[in-house]
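Visitor: Could you take me on a close look at one part of this structure? I would like to see how a single stretch sits within the whole.

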Amino acid sequence: MTHKVALLGFGVVGQGLAEILETKADALYANVGFEAKVVAISDLMKGSLYHPDGLDLSLALRIVGETGSLQGYPDTPGLIKGWDSFQTIRESNADTIVEMTFTDIKTGQPAIDHCKAAFESKKNIVMSNKGPVSLAFRELETVAKQNGVRWCYEGTVMSGTPSIRMPLVSLVGNDISEIRGILNGTTNYILTRMEEGLTYEDALAEAQSLGYAEADPRNDVEGFDAQYKVTILANTIMNAHIQRDEIAREGISKLTPQDIQWAKENKKRWKLIARVVKEGEHVMAKVGPEAIPLTDPLAGVLGAQNAITYYCDLAGPITLIGAGAGRTETGFSILIDLINISRGQL
Ligand SMILES: NC(=O)C1=CN([C@@H]2O[C@H](COP(=O)(O)OP(=O)(O)OC[C@H]3O[C@@H](n4cnc5c(N)ncnc54)[C@H](OP(=O)(O)O)[C@@H]3O)[C@@H](O)[C@H]2O)C=CC1
Ligand SMILES: N[C@@H](CC=O)C(=O)O
């Protein structure tokens with residue numbers, strides 16, 4: 001059955017997903033029987049399109065690439081322009097809403113309301129936006145279940161590297177007592193480039209131009225993004241009931257070139273380390289910069305790469321290393337969720 005999809009947000013990730021759905025359509029159908037049709041795209045400034053029979057994705061990508069807007073998409077019978085996100089959620093014929101709008105680190109809105117509106121309209125949500133999963137996990141999980149729909153968010157932690165599905169599916173049955181990792185691509189990229197001699201400002205500008213940084217990069221460099229991801233991991237993987245503000249947070253913005261040099265001279269490397277530890281029923285989490293020895297496996301994780309180690313009682317420590325951000329990588333994270341929903345799998 002063709003999976004009908006509506007895209008909310010047509011920025012880096014939205015366009016990355018559209019490119020994948022366009023270029024891999026035949027291979028996905030032939031290899032895994034997955035067929036998707038994008039019926040709507042709704043973006044705050046770029047405009048919106050809806051056609052119940054599906055949109056021409058390569059045309060939408062080309063027009064937005066050339067003009068920065070969807071307005072130039074040709075009018076055809078049945079095409080509706082101008083729906084906002086809530087109209088798209090409620091009135092489109094999509095099976096799944098893909099939420100890729102910006103992460104509001106204070107309120108999680110309007111994405112939390114997008115989720116509620118979708119679930120109440122009996123539509124699944126797939127998202128890379130961390131706000132709702134981090135701030136309203138229990139409530140939204142309940143609303144999704146009550147409405148018999150799916151809620152998937154693989155891309156919220158480590159982009160297309162399966163940091164959520166791997167522990168939930170492949171490591172199921174283990175008791176995971178600790179999670180430790182590098183969960184923010186932008187800061188890891190900045191630290192790597194500073195060690196190579198770039199200034200903090202130039203390294204941040206590069207991370208922004210490569211599509212790694214949040215719309216407001218303070219979310220990355222002050223550790224909010226990693227704090228959000230740690231909350232998601234604690235609650236989804238360790239079944240904790242932890243609130244974002246209970247997690248101690250420090251970013252990398254106070255690190256100086258002298259700090260970087262000191263670490264180099266002492267066979268160490270600065271990393272923004274995220275940690276969740278479970279002792280009995282108590283779960284403690286924190287995010288902060290640490291100068292770790294070069295012998296630590298996390299020290300070798302460079303650029304926008306992320307890494308995470310799950311300390312399992314049966315399988316031992318299992319480490320996953322991969323992209324933590326990026327257009328195609330995060331677009332891929334959405335694809336994993338869509339395929340699993342289509343297959344009826346977790
Ligand atoms: N980039 C990455 O590597 C990763 C990103 N993420 C998360 O994925 C989400 C998308 O990231 P990214 O694509 O990089 O961000 P962008 O800023 O490139 O894109 C977000 C898009 O959402 C649009 N938007 C904002 N609010 C609304 C709204 N209410 N309704 C419709 N559209 C809206 C913006 O519109 P406009 O600009 O036109 O106003 C923009 O085009 C974010 O939440 C981010 O945290 C997660 C993992 C990795
Ligand atoms: N800004 C984030 C993007 C992915 O979540 C990062 O740099 O890791």
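Guide: Happily; here is a walk from an annotated stretch of the chain out to the place where the domains touch.

Please keep in mind that this is a predicted model. The UniProt record, an unreviewed entry, places the feature "binding site" at Gly9, Phe10, Gly11, Val12, Val13 and Gly14. Two of these residues make good stopping points.

Start with Val12, which sits in helix H1, residues 12-23. Val12 counts as buried because it has 21 C-beta neighbours inside 10 Å, and the cut-off for that label is 20 or more. Residues up to four places away in sequence aside, Val12 touches Gly211 and Arg327.

Gly14 is also found in helix H1. Here 28 other C-beta atoms lie within 10 Å, so Gly14 is buried. Setting aside neighbours within four places in sequence, Gly14 is in contact with Leu7, Gly9 and Met100.

Now step back to the whole chain, which is divided into domain 1 (3-159 + 327-343) and domain 2 (165-323). The C-alpha centres of domain 1 and domain 2 lie 27 Å apart. Their contact draws 17 residues from domain 1 and 19 residues from domain 2. On the side of domain 1 that touches domain 2, helix H6 (130-135) and helix H14 (327-343) each supply at least two residues. H6 gives the most to that side, with 4 residues. By type, the residues on this side of domain 1 comprise 9 nonpolar, 4 polar and 4 charged.

Key
Residues are numbered from 1 along each chain as its sequence is written. Chains are lettered from A and ligands numbered from 1 in the order in which they are written. This is a predicted model: local features need pLDDT of at least 70, side-chain atom pairs count only at pLDDT 80 or more; totals for chains, interfaces and linings use all residues. Domain bounds come from an automatic or database domain assignment. Two residues are in contact if their C-beta atoms, placed from the backbone, lie within 7 Å. Ala, Val, Leu, Ile, Met, Phe, Trp, Tyr, Cys and Pro count as nonpolar, Asp, Glu, Lys and Arg as charged, and the others, Gly among them, as polar. UniProt positions are given in the numbering used here, feature names are shortened, and annotations may be inferred rather than shown by experiment. A residue is buried if 20 or more other C-beta atoms lie within 10 Å of its own, exposed if 12 or fewer, and partly exposed in between; C-beta atoms are placed from the backbone.
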